[in-house]
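Walk through this structure one region at a time. The route runs through packing and then to a single residue.

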Amino acid sequence: MVFYPYRAGAQSLTWDDFVDKLTDQESENYTFLNDFYDDLCYIHENPIRINSATAEELKQLPFLNAQQIEEIEAYVYSYGPIRSVGELNLIPYLDYDTRLLLALFITFDEKEKNKSNKLSFNAIKKYGKQNIVLRTDVPFQAQDEKYLGSPLYHSLRYQYKYNQRIEWGLTAEKDKGEPMLKSFDKWFDNYNYYLIIRNLGVLKTLALGKYKLRFGQGLVVNGQFTPGKIALLSQLNSNGGNAITKHSSTSENGYFQGIATEWGWKKWQLYTFCSYRYQDATINKESLITNLKTDGYHRTLSEIEKKNNISNLLIGGHLSYSIKDFHMGLTTLYSVFNKPFITYPDISHYKHFYPQGKHFSNSSVDYSYVSYRWTLKGELAMDEKKSLSMLHSVQYRPSAKMQLNLVYRYYDKQYNALYGNSFGESSDVKNENGIYVGMVYKPLSRLKTLAYVDLYEFPWYRYLVSAKHTKGMDALGQVEYTTSHKVEWLVKYRMKVKQQNYKNPLNEKQVAIANRIRQTARIQAKYHFGNVQLSSQINYTQFNIADLSAERGYAFSQQGDFTWNKPAVQVSVMGTYFHTESYESNIYAYEKGLLYSFSFPSYYGHGFRFSTLFRYDISTNWMIQLKYGHTMYFDASQQKKNNLQVQLRIKI
């Protein structure tokens, strides 16, 4: 069953709207974005029963802070069950955007409410819920001859959940081209498994197997989602969320393996963790690690040789104290690899300050203060070389119509955090200083505007940038308007300026630093007619560097979603015509995908993309999805691409 929010007010939010809003088209953190999408997709398909939800369940939603969770629980306790999304208006501190987001992940149906919360065999057997998802992708074009395995993609997911007390699961995956049932690997290429047990007295959480961690602002450790510059203005930036979560996605990176615990005594919480895992890496003849391999592919002999060829031991802890709206925490960790990282003695090499040696450690202090109008958050971190990094943010709501955001970051060029992931322009928490200012303003109930400007500097050399103190700017403006006839309009403009190396076309030996300017614009309209939703979109891109002539690209997209409730059938059809002058002027566009399948393809060249998604809910417990995609190019130098995806979900 698919849950759509009640249309309260001038606007509503569907699951696809939500996914499109949280995507940052220029983001480098797609691994974490995929995991974030994966986790929330599961909750969307298995929504939280709001009237019996525990604080731990509500913490899974990243847009809820501790104060909002407390208000929801207090309202249900005082006034009884919440009957509709409209009733959420009566809960203090739940603003309009938060209510729209919350509607995607909750249900008011209590027919199957579990009245037992005991850890007994009979209760676990009676009330436990199981979820099985099988998926296969079949491509219809020739595969690279270097790949040793079948061109088919396979994945299997099994998840068991008993209330919020026990969760366990297994995820197995084989990417296309990876060997299966051969001497290299038996069955699937990758397995992710976990067991989570909660609320054992003072032991609040016990995690075994593969898990993810998040503390503070992610300057020391964060294997979970960090909001991008657009998502930061969409409420996905609160202090909610669990510090220890399961690793149930198909991702082969960003997780720990071993044991993690959470202990709680009144206002104090203590987290401990120990992880030992093998990782992929590129190793030179001197047995030095030149870089970590994070794409997870093992399709060729070269890629297979790099599989699990190094090991990493990590131990650490986090101590926090919370009182009312204030929180403070201390984090520390120590990590050692069985092989050292290579040293780059050349002072001008952009990797000169990258991790070196085998032993690493990080420590930090973080804080947060949350009230209705103010949200203050920050973290100050230090590594074993005493290099510092910090991030501080302020969010202020002068009225219900306006929200202001300010984020300051200073990531020292020598600071290294192998497990860090935080707000910024690049994927590493190092070699970056910047200040971000954002605003959301709703002058009318049907009109919403948002904008931000991010100014940043890279103190040291970077890849393809042979100069220090290069600068950049990222600015966006967006307007959303809903007409009285439920037609939703969106107009967006974004401009990014970043300095990089530039070779003179007349003399390639001359290398200078030039501004790389990328501008994108989008106009989108959505129409709602009962069970039919149509979406029209125009995208435009312009790319400039130095004094060269501009390269342009544009795309026209049309999507139609059709729903029949009896039987529960959904059909989505999308077509995109694109024409870009180069790869630099490519176009990004969200495309509806299967469950747990995040699809945000990039189009370049001259061609047409067609896709159709069919979903049939055979019963409450059985669902099947089929997706067919075909990309044809009018340029003969590019090969057409088409494939079929099949997915089956079973609930027990």
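Start at Leu102. Leaving aside residues up to four places away in sequence, Leu102 touches Leu61, Phe63, Leu64, Ile72, Leu88 and Leu94. This is a predicted model.

Leu102 belongs to the largest nonpolar core, which has 43 residues. Five members touch the most other members: Phe18, Leu61, Leu64, Leu102 and Phe105. Two of these, Leu61 and Leu64, are also among the contacts of Leu102. Which elements give two or more residues to this core? They are helix 1 (15-22), helix 2 (30-45), helix 4 (66-79) and helix 5 (96-103). Helix 2 gives the most, with six residues.

There is a second core, separate from this one. It holds 40 residues, including Tyr194, Leu232, Phe341 and Ala381.

Now move to Thr580. It lies in strand 26, which spans residues 568-580. Is Thr580 buried or exposed? Its relative accessible area is 6%, and buried means under 20%, so Thr580 counts as buried.

Look next at what surrounds Thr580. Again leaving aside residues up to four places away in sequence, Thr580 touches Arg552, Gly553 and Tyr554. It also touches Ser585, Asn586 and Ile587. Tyr603, Tyr604 and Gly605 complete the list.

Thr580 has a polar contact too. Its side chain reaches the backbone oxygen of Ser582 at 3.1 Å. One last pair concerns Thr541. Thr580 and Thr541 are 39 residues apart in sequence, yet their C-alpha atoms are 8.2 Å apart in space.

Methods: Residues are numbered from 1 along each chain as its sequence is written. This is a predicted model: local features need pLDDT of at least 70, side-chain atom pairs count only at pLDDT 80 or more; totals for chains, interfaces and linings use all residues. Side-chain values use heavy atoms; hydrogens and water are left out. A nonpolar core is a set of buried Ala, Val, Leu, Ile, Met, Phe, Trp, Tyr and Cys residues joined through side-chain atoms within 4.5 Å. Buried means under 20% relative accessible area, exposed over 50%, partly exposed in between (1.4 Å probe, protein chains only). Helices (H or I, at least four residues) and strands (E, at least two) are DSSP runs, numbered from the N terminus. Contact means heavy atoms within 4.5 Å. A polar contact is a pair of N or O atoms within 3.5 Å; within protein, one must be able to donate a hydrogen and the other to accept it, and residues adjacent in sequence count only if both atoms are side-chain atoms.
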